[in-house]
Amino acid sequence: MLKPIASILTMLTVLMIAGCTAKKTVDQSEIDGLAREIRNLGPEVDPGEAERAARIAFDYSSQLAQEYEITDPPLVHNYKVNNGFRQRGLCVHWAEDIEKRLKQENFRTLTLHRAIAPPENLFRVDHSTTIISRRGDTFYDGIVLDPWRYGGVLYWSPTLADSRYKWRPQIEVLEEKYKSRQATREAAINL
């Protein structure tokens, strides 16, 4: 009996150490780096929009971390949300809120996409994010904006360069889940 409990405690300790949220202030060079990457999506991208998107992505991630009361690594915070100790802070909340805030800017040269990485991890959970791209491009050509991954510290990367997750269009993943649930229901009825 003690062995499984010790294993669980060890796993939780590793998760907490590996995923500790880093309270840090964002410096201008980080914003400039993301703005440069957004501008590099193509010559049609307005430099002012790229700068605004980068600044908002960093600043709003920090604001949401305070609003969500992030004090733990992401998976621990997820536990708190799922058990009623916190209201928001799941990856889907981060993705919804970042997308909503960036959409307020009415970008002319940039587009926002929602993406899901289906479960390929120990915990078998989906991961949601927002991706920004040049208008007319797919999210595969864009940049992942993921504030959940490091507990409010924005992670960003070209979509295809994100080695941790295999992003797919949100609608595609949700349709597959719906069809799978329908097939399961039909199989249960036919038993």
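Setting aside neighbours within four places in sequence, Glu49 is in contact with Phe107, Arg108, Thr109 and Leu110. This picture comes from a predicted model. Glu49 itself sits in helix α3, which covers residues 47–67. One of its partners, Thr109, is 60 residues away along the chain, yet the C-alpha atoms of Glu49 and Thr109 are just 7.5 Å apart. Another partner, Arg108, offers its backbone: the backbone nitrogen of Arg108 is 2.7 Å from a polar atom of the Glu49 side chain. Glu49 has a relative accessible area of 4%, and because buried means under 20%, this glutamate counts as buried.

Helix α3 also has a helical partner. Two packed helices are described by the angle between their axes and the distance between the axes. For α2 (residues 28–39) and α3, the axes come within 8 Å and cross at roughly 135°. That angle makes α2 oblique to α3, since the cut-off for roughly antiparallel is over 145 degrees. As for handedness, the α2 and α3 crossing is right-handed. On the α2 side, the residues that meet α3 are Gln28, Glu30, Ile31, Asp32, Leu34, Ala35, Ile38 and Arg39. Across from them, α3 puts in Pro47, Ala50, Glu51, Ala53, Ala54, Arg55, Ala57 and Phe58. Sorted by type, the residues of this contact come to ten nonpolar, one polar and five charged.

A second acidic residue, Asp146, belongs to a strand: β3, residues 143–150. Asp146 has a relative accessibility of 1%, so it counts as buried, the cut-off being under 20%. Leaving out residues up to four places away in sequence, Asp146 touches His127, Thr129, Val153, Leu154 and Tyr155. The Asp146 side chain also has a backbone nitrogen to pair with, that of Trp148, which lies 3.2 Å from one of the side chain's polar atoms. Glu49 and Asp146, then, are both buried acidic residues, and each has a side-chain polar atom close to a backbone nitrogen, at 2.7 Å from Arg108 for Glu49 and at 3.2 Å from Trp148 for Asp146.

Zooming out to the whole chain, the secondary structure comes to six helices and five strands. Read along the sequence, these elements follow the pattern α-α-α-α-α-β-β-β-β-β-α. The protein has 191 residues, of which 42% count as buried. Among contacts with a separation of 6 or more, 56% join residues 24 or more positions apart. The pairing of Glu49 with Thr109, 60 residues apart along the chain, fits that long-range group.

How values were computed
Residues are numbered from 1 along each chain as its sequence is written. This is a predicted model: local features need pLDDT of at least 70, side-chain atom pairs count only at pLDDT 80 or more; totals for chains, interfaces and linings use all residues. Side-chain values use heavy atoms; hydrogens and water are left out. Helices (H or I, at least four residues) and strands (E, at least two) are DSSP runs, numbered from the N terminus. Buried means under 20% relative accessible area, exposed over 50%, partly exposed in between (1.4 Å probe, protein chains only). Contact means heavy atoms within 4.5 Å. A polar contact is a pair of N or O atoms within 3.5 Å; within protein, one must be able to donate a hydrogen and the other to accept it, and residues adjacent in sequence count only if both atoms are side-chain atoms. Axes are lines fitted to C-alpha atoms, for helices over the stretch in contact, and angles run from 0 to 180 degrees between N-to-C directions. Angles under 35 degrees count as roughly parallel, over 145 as roughly antiparallel, 65 to 115 as roughly perpendicular and the rest as oblique. A crossing is left-handed if the near helix is turned anticlockwise from the far one by less than a right angle, and right-handed if clockwise. Ala, Val, Leu, Ile, Met, Phe, Trp, Tyr, Cys and Pro count as nonpolar, Asp, Glu, Lys and Arg as charged, and the others, Gly among them, as polar.
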